[in-house]
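Me: I am in my first year, and I would like to understand how the words used for a protein structure are justified. Could you take my questions one at a time?

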Amino acid sequence: MSNPKDVRHVVVDLLDDVTIEKRLLSEVLPKRLAKLPAEDRARAQRLVIQTLRDMDRCDRMLGPFLRQRPVPRVLNVLRLGVSEICNGGAAHGVVNACVEIAKAQAETEHARGLVNAVLRKIDREKDKWDTLPIPRLPKWLRKPLLADYGKEAVAAMEEAQFAGAPVDLTAKGDVAALAKAVKGTQLPTGSVRLSDAGQITNLPGYAEGDWWVQDAAAALPAKVLAAQAGETILDMCAAPGGKTMQLAAAGAAVTALDVSEGRMTRVEENLTRTKLSAELVTRDALEFEGGPFDAILLDAPCTATGTIRRHPDLPYAKDGGEFPGLFELQEHMIDRALGLLKPGGRLVYCTCSLLIDEGEEQVRDALARHEGLAVDHDALRLPGVEADWIGPEGLRLFPHYMADQGGMDGFFITCLRRK
Ligand SMILES: C[S@@+](CC[C@H](N)C(=O)[O-])C[C@H]1O[C@@H](n2cnc3c(N)ncnc32)[C@H](O)[C@@H]1O
């Protein structure tokens, strides 16, 4: 058992969860952070994210000092130490803390001398850190991306992912007023970007429900759908509710559906805070009966490969093995959604993925399966969206778009209309 009083013990536990147990941080963070005093939680989260983002660089720094690969937890202790030291942490304190973590468990105790010696050498070599290359995406993801977009685009994505992500807000009402209140920047697409967010819940308007956190790219699907007051809209994979809130704020009669009971609680909490309403249904979308609806938003479960800027754990927790199952589910969900639409109704399909299997190919296949279905390109032409982001099948967004302003999540978004 780790010492629950030391943030770094929990950080190493989290690194083990991701790299050894292959768990996503989103699955393990709540339980692990619950062990820490409130004031340490943000620090633990920042340290684990930073170490995961730096992982490739840490391993390059460590390589010359390790004759053989240490046991996995020792490697994670070293990675945390390297990341902290090379990002300006006080070496003496970091080395001592890492040695203590090694000493705390029988399986790692033997390595305390190694941790001490290696981290001291790293401190002497830390000038090399800034000369190391930008970390590459894992092979299982890099290969299909190279084939689809080429070397230059993949290098730009890797750079954007390494840079991390700012915090974006979506306003419930006036965007300019929100930008002023939170001292943020209004992006051309209508989101408000914060350069230094601090504690989110302390920002003006949080308690009043004037805004919610949502990446600039993630805010676009609801804008493409352009809900009108009084329209009936099904948000088919709704949790935690970012897009449900946008649709409800436009005055539509929204049915928010999601299969996950736990995640549905988040939708409820978000709607309560923002004083918005929607009918909540916890069910498998493939079994849902209802409608017909004027419009449907299908933000399908996907590989989330467009969100690595925010979730640097993903390349280490996943290996691409379960992806074909997701592609199949997306296809079934598109067919189900089309069956729930009124004639002439619109289906906005989106995924926070970089893979064309979850975007362009899904659309090409759906058009082949459904006679009379067409892409509504006009719906994709939104403020801030550049013309060359729109392809025949829909809007393709990359992490390196708007890079000078902090980038955006990778996404695919389209609007399908049925005659
Ligand atoms: C990308 S997330 C949705 C994000 C959400 N639209 C938002 O903007 O906050 C995908 C969601 O699909 C849900 N999901 C997965 N399989 C499902 C199914 N068979 N039926 C309904 N929802 C499903 C997951 O629980 C998850 O909440």
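The questions and replies below go through the terms one by one.

Reply: Before we begin, please note that this is a predicted model, in which local features need pLDDT of at least 70 and side-chain atom pairs count only at pLDDT 80 or more, while totals for chains, interfaces and linings use all residues. Residues are numbered from 1 along each chain as its sequence is written, and side-chain values use heavy atoms, with hydrogens and water left out.

Me: Why is Thr 351 called buried?

Reply: Buried means under 20% relative accessible area, exposed means over 50%, and partly exposed lies in between, with a 1.4 Å probe and protein chains only. Thr 351 has a relative accessibility of 0%, so Thr 351 counts as buried. Its place is in strand β9, residues 341–351, where a strand is a DSSP run of E with at least two residues, a helix is a run of H or I with at least four, and both are numbered from the N terminus.

Me: What makes Glu 261 exposed?

Reply: The relative accessibility of Glu 261 is 64%, and therefore Glu 261 counts as exposed. This residue is found in helix α13, which covers residues 261–274. Its C-alpha atom is separated by 9.3 Å from that of Ala 239, although the two residues are 22 apart along the chain.

Me: Which word fits Pro 240: buried, exposed or partly exposed?

Reply: Pro 240 has a relative accessible area of 28%, so Pro 240 is partly exposed. It sits in the loop between β5 (232–235) and α12 (242–249). Gly 242, in helix α12, has a relative accessibility of 18% and therefore counts as buried.

Me: How do you know what Pro 240 and Gly 242 touch?

Reply: Contact means heavy atoms within 4.5 Å. Not counting residues up to four places away in sequence, Pro 240 touches Arg 263, Arg 266, Val 267 and Asn 270, and Gly 242 touches Trp 212 and Gln 214.

Me: Why can the residues of the "binding site" annotation be said to gather at one spot?

Reply: The UniProt annotation, from an unreviewed entry, covers Cys 237, Ala 238, Ala 239, Pro 240, Gly 241, Gly 242, Lys 243, Asp 258 and Asp 299. They span 63 residues in sequence, yet no two of their C-alpha atoms are more than 12.9 Å apart, so they gather at one spot. Such annotations may be inferred rather than shown by experiment, their positions are given in the numbering used here, and feature names are shortened.

Me: What makes a pair of atoms between Asp 258 and the ligand a polar contact?

Reply: A polar contact is a pair of N or O atoms within 3.5 Å; within protein, one must be able to donate a hydrogen and the other to accept it, and residues adjacent in sequence count only if both atoms are side-chain atoms. A polar side-chain atom of Asp 258 lies 2.6 Å from an oxygen atom of the ligand, so by the definition this pair is a polar contact. A nitrogen atom of the ligand is also 3.0 Å from an N or O atom in the side chain of Asp 284, and a ligand nitrogen atom is 2.9 Å from a polar backbone atom of Cys 237.

Me: Where is Cys 352, and how do you know that it is buried?

Reply: UniProt places the feature "active site", again in an unreviewed entry, at Cys 352. Cys 352 is found in the loop between β9 and α16 (360–369). Its relative accessibility is 17%, so Cys 352 counts as buried. Among the residues that Cys 352 touches, leaving out those up to four places away in sequence, are Cys 302, Thr 305 and Phe 411.

Me: Why is a set of residues called a nonpolar core?

Reply: A nonpolar core is a set of buried Ala, Val, Leu, Ile, Met, Phe, Trp, Tyr and Cys residues joined through side-chain atoms within 4.5 Å. The largest one here has 58 residues, and Leu 397 and Ile 413 have the most contacts inside it. Helix α11, residues 220–225, gives the largest share of this core, with 4 residues. Apart from it lies another core, of 46 residues, including Leu 15 and Ala 317. In soluble globular proteins, nonpolar side chains tend to be buried together.
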